[in-house]
Amino acid sequence: MKKLILTALLSLGICFTNAMAEESDMYIGLDLIASNNTITKTIGAFESEAENDSSGFKLKLGATLDDGWRLQGYYLNETYDKPLIDAKNDTLNEMGLDIIKGFTLTPQFAPFVQAGIGYGWMDINGYNKDAINSFGIKLGAGVMYKVTTTLEVIAGLDLQVRGWEDIAVLNTTLKTSERSSKLYMGANIHF
């Protein structure tokens, strides 16, 4: 599974590099996120589900391509309100890629849809490993508004599913999955 995830991220990275090599408008950005998460944990035959909100930020580097298409890489830092696995660690770090299609309604205003994948990690204590990894996919939609030719503000909602790496608990396995709805607001600076 890890090889598949890394291969997918590498392939998307190559596409991102090719997009940057073409004539494109580059941008950097910052989004602030607030997320409502449903965490499902399974140990043997026992399954529990709990709500665990989170908040954080996403740093982005992207390229605007032809016909409203964009490709962006990101780093996400997300902190859960309650510990996800153990009592000491509650912060997820994630790197990923998004593909975005904008629909220009006016020169300043454009709704968009997006899809993305992400690979994350979180430090844990007291288990058979020191860190746990995750793989997520998301679909979303939002709006972009150009304040100036180089500055745009955005807002959107992403629906995301994450699968977390299994970890050993005594003589059994803990399986964790997550469904999220993420609201975000941010800004992009084009150069």
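**Figure 1. A lysine and two tyrosine rings.** In this predicted model, K58 lies over the face of Y74, with 4.9 Å to the ring centre. The charged end of K58 also sits over the ring of Y184, at 5.7 Å from the centre of that ring. While you are looking at rings, the count of aromatic pairs in the model comes to 1.

**Figure 2. The overall fold, to help you find your way.** The protein chain holds 1 helix and 10 strands. Starting at the N terminus, the order of elements is α-β-β-β-β-β-β-β-β-β-β. Of its 191 residues, 42% count as buried. Among contacts in the chain with a separation of 6 or more, 64% are made by residues 24 or more positions apart.

**Figure 3. The largest nonpolar core.** Which residues make up the largest nonpolar core? There are 11 in all: I39, Y80, L84, I85, L92, M122, I124, I132, W164, I167 and L174. A second core, separate from this one, has 10 residues, including L76, A110, F112 and Y184. In soluble globular proteins, nonpolar side chains tend to be buried together. For a closer look, pick L84: leaving aside residues up to four places away in sequence, L84 touches I39, K41, N52, N89, M122 and W164.

**Figure 4. The hairpin of β1 and β2.** Strand β1 covers residues 25-43 and pairs with β2 in the antiparallel sense, over 6 bridges. The two strands form a hairpin with 2 residues between them. In the turn you will find G44, whose phi is positive, at about 60°. Beside the turn, I43 has F46 of β2 as its bridge partner. Is β2 largely buried or in the open? Strand β2 (residues 46-51) has 6 residues and the number buried is 0, so this strand lies largely in the open.

**Figure 5. Y75 and its surroundings.** Y75 belongs to strand β4, which spans residues 69-80. This tyrosine counts as partly exposed because its relative accessibility is 26%, and the partly exposed class lies between 20% and 50%. Setting aside residues up to four places away in sequence, Y75 touches F57, K58, L59, N93, E94 and M95. K58 may be familiar from the view of Y74, where it lies over the face of the ring. Y75 and Y119 are 44 residues apart in sequence, and their C-alpha atoms are 9.8 Å apart in space.

**Figure 6. D67 in the loop between β3 and β4.** Follow the chain from β3 (54-64) towards β4 and you meet D67 in the loop between them. D67 has a positive phi of about 55°, although it is not a glycine. Where does D67 stand, buried or exposed? With a relative accessible area of 65%, D67 is exposed, because exposed here means over 50%.

**Figure 7. Confidence along the chain.** The mean pLDDT of the protein chain is 89, and 87% of the residues reach 70 or more. Which element has the lowest mean pLDDT, and which the highest? Helix α1 (residues 2-21) has the lowest, at 51, whereas strand β8 (residues 151-164) has the highest, at 98. Over residues 19-23 the pLDDT falls below 50, and beyond near neighbours in sequence this stretch has 5 contacts in the model. Where pLDDT is low, the predicted coordinates should not be read in detail.

Notes: Residues are numbered from 1 along each chain as its sequence is written. This is a predicted model: local features need pLDDT of at least 70, side-chain atom pairs count only at pLDDT 80 or more; totals for chains, interfaces and linings use all residues. Side-chain values use heavy atoms; hydrogens and water are left out. Rings of Phe, Tyr and Trp (its six-membered ring) pair if their centres lie within 6.5 Å; planes under 30 degrees apart count as stacked, over 60 as edge-to-face and the rest as tilted. A charge sits over a ring if NZ of Lys or CZ of Arg is within 6 Å of the ring centre and within 35 degrees of the ring normal. A nonpolar core is a set of buried Ala, Val, Leu, Ile, Met, Phe, Trp, Tyr and Cys residues joined through side-chain atoms within 4.5 Å. Buried means under 20% relative accessible area, exposed over 50%, partly exposed in between (1.4 Å probe, protein chains only). Contact means heavy atoms within 4.5 Å. pLDDT is the predictor's confidence in each residue, from 0 to 100. Helices (H or I, at least four residues) and strands (E, at least two) are DSSP runs, numbered from the N terminus. Two strands pair if DSSP finds at least two bridges between them.
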